[in-house]
Amino acid sequence: TPNKITSLENNEIFVFGSNLKGLHGGGAARVAYQKFGAQWGKGVGMQGKCYAIPTMHDGVEVIKPYVEDFIEFALSHKEYTFLVTRIGCGIAGFSPNEIAPLFAKAINAENILLPMDFVQVLESLKF
């Protein structure tokens with residue numbers, strides 16, 4: 001995934017970190033809201049040309065089920081290419097070393113593009 005996404009092709013989906021209340025006020029969530037159809041008040045799942053994964057609560061273990069749901073959704077929607085941003089690594093305050101392992105099942109998915117630092121972490125862990 002490019003570091004900065006400013007436009008999407010017809011089949012591309014912007015995957016961003018959100019909060020459960022869907023208050024998309026900063027970071028990638030704000031970009032999703034302003035440019036790609038994220039819905040105010042919706043903090044989880046597909047919306048517009050976006051997919052929200054909540055990251056602004058508790059720890060990595062609480063984020064994991066949302067990432068798993070996303071991967072399952074993406075693998076069942078091969079007509080789309082999902083551009084995953086560095087979810088959880090901005091305002092939420094996690095590191096790529098903490099978040100990237102949650103995406104291990106996505107490393108070889110043709111329609112899920114991960115940020116380079118997530119890929120580097122997964123490759124170092126031999127996923």
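Biologist: Which residues is Thr85 in contact with, leaving aside its neighbours within four places in sequence?

Modeller: In this predicted model, Thr85 is in contact with Ile5, Phe14, Val15, Phe16, Gly17, Ala28, Pro115 and Phe118, once neighbours within four places in sequence are set aside.

Biologist: Where is the place of Thr85?

Modeller: Thr85 sits in the loop between strand S4 (81–84) and helix H3 (96–99).

Biologist: Is Thr85 buried or exposed?

Modeller: Thr85 is buried, because its relative accessible area is 12% and the cut-off for buried is under 20%.

Biologist: How far apart are Thr85 and Glu61 in space?

Modeller: Their C-alpha atoms are 19 Å apart, and the two residues are 24 residues apart in sequence.

Biologist: Let us turn to the strand before that loop. Where does Phe82 lie, and which residues does Phe82 touch?

Modeller: Phe82 lies in strand S4. Not counting residues up to four places away in sequence, Phe82 touches Ile13, Val15, Phe70, Phe73, Ala74, His77, Asn111, Ile112 and Leu113.

Biologist: What is the relative accessible area of Phe82?

Modeller: The value for Phe82 is 0%, so this residue is buried.

Biologist: And how far is Phe82 from Leu114?

Modeller: From C-alpha to C-alpha, Phe82 and Leu114 are 8.5 Å apart in space, although 32 residues apart in sequence.

Biologist: Now helix H2. What can be said of Val67?

Modeller: Val67 lies in helix H2 and is buried, with a relative accessible area of 0%. Beyond its neighbours within four places in sequence, Val67 is in contact with Ile53, Ile87, Leu102 and Phe103.

Biologist: What separates the C-alpha atoms of Val67 and Ala106?

Modeller: A separation of 9.8 Å, for two residues that are 39 residues apart along the chain.

Biologist: Let me step back to the overall fold. How many helices and strands does the protein chain have, and what pattern does it follow along the sequence?

Modeller: The protein chain has 4 helices and 5 strands. Along the sequence, these elements follow the pattern β-α-β-β-α-β-α-β-α.

Biologist: What is the radius of gyration, and what would a compact globule have?

Modeller: The protein chain has 13 Å, which agrees with the value near 14 Å for a compact globule, given its 127 residues. The C-alpha trace spans about 40 × 35 × 25 Å along its principal axes.

Biologist: How many of the 127 residues count as buried, as a percentage?

Modeller: Of the 127 residues, 46% count as buried. The accessible surface of the protein chain comes to about 6700 Å², and 50% of that belongs to carbon and sulfur atoms.

Biologist: What share of the contacts between residues at least 6 apart in sequence joins residues at least 24 apart?

Modeller: That share is 57% in the protein chain.

Biologist: How far apart are the mean positions of the positive and negative charges?

Modeller: The mean positions of the 11 positive and 12 negative charges of the protein chain are 6 Å apart.

Biologist: How many disulfides does a search of the whole structure find?

Modeller: The search finds 0 disulfides. Cys50 is in no disulfide, and the nearest cysteine sulfur, in Cys89, is 19 Å away.

Biologist: Why is there no bond for Cys89?

Modeller: The sulfur of Cys89 is too far for a bond, because the closest cysteine sulfur, in Cys50, is 19 Å away, whereas a disulfide needs the two sulfur atoms within 2.5 Å.

Biologist: Are these cysteines buried or exposed?

Modeller: Cys50 is buried at a relative accessible area of 0%, and Cys89 is buried at 13%.

Biologist: Turning to the backbone, what is the phi of Asp58, and where is Asp58 found?

Modeller: Asp58 has a positive phi of about 45°, although it is not a glycine. Asp58 is found in the loop between strand S3 (50–54) and helix H2 (60–75), and counts as exposed at 65% relative accessibility.

Biologist: One last loop. Where does Lys42 lie, and which residues is it in contact with?

Modeller: Lys42 lies in the loop between helix H1 (27–35) and strand S2 (45–47). Leaving aside its neighbours within four places in sequence, Lys42 is in contact with Lys21, Gly22, His24 and Gln47. Lys42 counts as partly exposed, at 29% relative accessibility.

Biologist: How far is Lys42 from Gln120?

Modeller: Their C-alpha atoms are separated by 31 Å, and the residues are 78 residues apart along the chain.

How values were computed
Residues numbered from 1 in each chain as written. Predicted model: local features only at pLDDT ≥ 70, side-chain atom pairs only at ≥ 80, totals over all residues. Heavy atoms only, no water. Helix = DSSP H or I, 4+ residues; strand = E, 2+ residues; numbered from the N terminus. Rg over C-alpha atoms; globule rule 2.2 N^0.38 Å. Buried < 20%, exposed > 50% of the residue type's maximum accessible area, 1.4 Å probe, protein only. Contact = heavy atoms within 4.5 Å. Areas by Shrake-Rupley, 256 points an atom, 1.4 Å probe, with all protein chains shown as cover. Lys, Arg positive; Asp, Glu negative; His and termini not counted. Charge placed at Lys NZ, Arg CZ, Asp CG, Glu CD.
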